[in-house]
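User: I'm new to this one and would like a close look at a single part of it, the pockets. Could you walk me through them and then place them in the rest of the chain?

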Amino acid sequence: MGGKLVIFTSTLPMVGMGALKAPPDEQPLYDTDKEKTLFTPRNDFWPMIGEQCAEQGVGVSMFLGMSRPIDVGSIGEMIH
């Protein structure tokens, strides 16, 4: 197959497949053992799509331009 997927987003995906909820208050997690949870996916959809793209030879480029916090730990797994 092959191909290229270019994604431009400025908001958290909150509807449809792969929808994410607003990130929790992160401040209490800083400088604790739970801080690493901020960088892990919160659902399996995004890593699964990334694996499927890789298997089909589809490259993914993602450009994030957000004004509010966005869950890069989850959607970033698509390009991992």
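Analyst: Here is a walk through the pockets, followed by the parts of the chain around them.

Keep in mind that this is a predicted model, where local features need pLDDT of at least 70 and side-chain atom pairs count only at pLDDT 80 or more, while totals for chains, interfaces and linings use all residues. Residues are numbered from 1 along each chain as its sequence is written, and side-chain values use heavy atoms, with hydrogens and water left out.

Let's get oriented. The protein has two helices and two strands (DSSP runs numbered from the N terminus, H or I of at least four residues for helices and E of at least two for strands). Along the sequence they come in the order β-α-β-α. The C-alpha trace spans about 45 × 25 × 20 Å along its principal axes. Of the 80 residues, 26% count as buried; that word stands for under 20% relative accessible area, with exposed over 50% and partly exposed in between, using a 1.4 Å probe and protein chains only.

Now the pockets. Rolling a probe the size of a water molecule over the atoms shows where empty space is left. Here a 1 Å grid is laid over the protein atoms alone, and a pocket is an open set of points with protein on both sides within 12 Å along at least five of seven lines; a cavity is a set where a 1.4 Å probe fits but cannot get out, and lining residues have an atom within 4 Å of a point. Points are joined across faces, edges and corners, and the volume is the space filled by probe spheres set on them.

The largest pocket holds about 210 Å³ of space. It is lined by 14 residues, and Glu26, Thr37, Leu38, Phe39 and Asp71 are the closest to its centre. By class, that lining splits into eight nonpolar, three polar and three charged residues (nonpolar being Ala, Val, Leu, Ile, Met, Phe, Trp, Tyr, Cys and Pro, charged being Asp, Glu, Lys and Arg, and polar the others, Gly among them).

The second largest pocket comes to about 160 Å³. Its lining includes Ser10, Thr11, Leu12, Met14, Ala22 and Pro23, along with Ser67, Arg68, Pro69 and Ile70. Six of the lining residues are nonpolar, three are polar and one is charged.

Ile70 is a good one to follow out of this pocket. It sits in the loop between strand 2 and helix 2, and it counts as buried because its relative accessible area is 12%. Its C-alpha atom is 14 Å from that of Asn43, and the two are 27 residues apart along the chain.

Past helix 2 (72-75), in the segment that follows, you reach Met78. Met78 is buried as well, since its relative accessibility is 6%. Met78 and Trp46 lie 32 residues apart in sequence, with 5.2 Å between their C-alpha atoms.

For contrast, try Asp31, in the loop between strand 1 and helix 1 (45-55). Asp31 has a relative accessible area of 77%, so it is exposed. Its phi is near 60 degrees, a positive value in a residue other than glycine.

Finally, the strands. Phe8 belongs to strand 1 (residues 3-9) and is exposed, because its relative accessible area is 63%. Phe63 belongs to strand 2 (residues 58-64) and is partly exposed, because its value is 45%. From Phe8 to Pro41 the C-alpha distance is 19 Å, over a sequence gap of 33 residues.
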